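Let's take a walk through this one, starting with the overall picture and then zooming in on a couple of backbone oddities.

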Amino acid sequence: MTDFLKGYDIQHWLESAAQGYLENTEYGHLAGEREPDLLMEEDALREQSIDTTVQLVMGERCALAASSGLINAAPDEASKRFLATQTLDEARHVEIFTQRLYDLGVKPKELEDVLKDRANPHLVRFAEALLEKVDKKDFVAGVVGQNIVLEGMAFRVFEMLHQANGEANPKFAHILSGTIADERRHVGFGENRIGSLIREHPERKADVEKLQKEMSYHMLATFGSQFTKGPSPKQMEEIMADHGAKRTDAEWQGVKLAEASPEELEAVLSDTILKEFKLRLERIGIEYQTPARP
C-alpha cells in the first residue's frame, strides 16, 4: 500500500498539477480566453451552458464536502494527505465553474438561487446519500461514492464535453482539461485504495455493492435528464446558419456530437460509462449491481 500511495503524495501533486498542467492558467483556462460571442448572443445557448455549469458546480460542491469530511475518517496518514490534495482540487473546481457562471452572466447575488432552481434533483439526492456516509465517517462507503461512482462516471462526461468544445469554445475546453487530469488522479486513488480495503474487509462487499446500485441510479438519471434540455440538433443548425457559423465536426466514441439526438448522446454516454464502470468495480473486487431504469 505504501508504494502505491507514494504516487499520490503532496510532492507528486505539486509537480504534476500546481507546477504542471495548471501553471499559467487563471480559473482553469489561459489568460484572455472568453466565452464565444455566439454563445453569449444566443439566449438558448447561454441558458443551456448555465444549466450544464450549475450541475458541475453542484457535483463539485458535493465532492468538496465529501473529500474534506473523509480526511479524519481515513485509516492511514498517507490517505489523509492525499485527501488534503483532493480537497484543494475540489475547491478549485467549485471556484472555476462558479466563475464560469459569472462569465455567462449570472450575478454573484443570484448565484445560490440559480443553483437551487436549476440543480438536478437526482444529483441533489446523490449528494445527500454520499454525505450521509461521510458524516458517519464510513471511509469505504465515502470513497466508493465519491471517487468511484461520482468521479468515475463524471470523468467520461467531462471527456465528452471537452471533445464537443475543443474547437467551439477553447476556454471551456481548457477548464475541462485540467479538471479531467485531476479526476483521473482521484479515480486512481479510489480504485487502488478501496481495492486493498475490500480485500482486508470482505464483509463490506455486500454493503458496498448495495451502495453502488443506489448511487449509480441517481448519476445515470442525472445524465439522462440533462440531455433533454437545450436546442435540438435542427435548432442548433438554424442558429449556426443565422450567424454564418460552421457546425463542429467533433466526434466522441464514433458519434458526431453536433448531429446526434439527445437519445443517441445518452445511449453512447451510458454505454461508455457503464463499460468502464463495470471494469473498475471488477478490479476492486465489487460486482456491478444494475440499478432500476431511471
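A quick look at how the chain packs against itself: of the contacts between residues at least 6 apart in sequence, 82% join residues at least 24 apart. Keep in mind that this is a predicted model. Its average pLDDT is 88, and 97% of the residues score at least 70. Confidence bottoms out in helix H1 (residues 2–6), with a mean of 69, and peaks in helix H6 (residues 111–118), at 98.

As for secondary structure, you'll find 12 helices and 4 strands. The radius of gyration is 19 Å, close to the 19 Å that the globule rule gives for 294 residues, so the protein is as compact as a globular protein of that length. Laid along its principal axes, the C-alpha trace spans about 60 × 40 × 35 Å.

Now for inside and outside. Buried residues account for 52% of the 294. The accessible surface adds up to about 14000 Å², with 50% of that belonging to carbon and sulfur atoms. On the charge side, there are 36 positive and 52 negative side chains, and the centres of these two sets sit 4 Å apart.

Time to zoom in on the backbone. Most residues other than glycine have a negative phi. Asn24 goes the other way, with a positive phi of about 65°. You'll spot Asn24 in the loop between helix H2 (10–21) and strand E1 (25–26), and it is exposed, at a relative accessible area of 69%. Lys137 also has a positive phi, near 55°, and belongs to the loop between helix H7 (121–135) and helix H8 (139–165).

Definitions and conventions:
Residues numbered from 1 in each chain as written. Predicted model: local features only at pLDDT ≥ 70, side-chain atom pairs only at ≥ 80, totals over all residues. Heavy atoms only, no water. Helix = DSSP H or I, 4+ residues; strand = E, 2+ residues; numbered from the N terminus. Rg over C-alpha atoms; globule rule 2.2 N^0.38 Å. Buried < 20%, exposed > 50% of the residue type's maximum accessible area, 1.4 Å probe, protein only. Contact = heavy atoms within 4.5 Å. Areas by Shrake-Rupley, 256 points an atom, 1.4 Å probe, with all protein chains shown as cover. Lys, Arg positive; Asp, Glu negative; His and termini not counted. Charge placed at Lys NZ, Arg CZ, Asp CG, Glu CD. pLDDT = per-residue confidence, 0-100.
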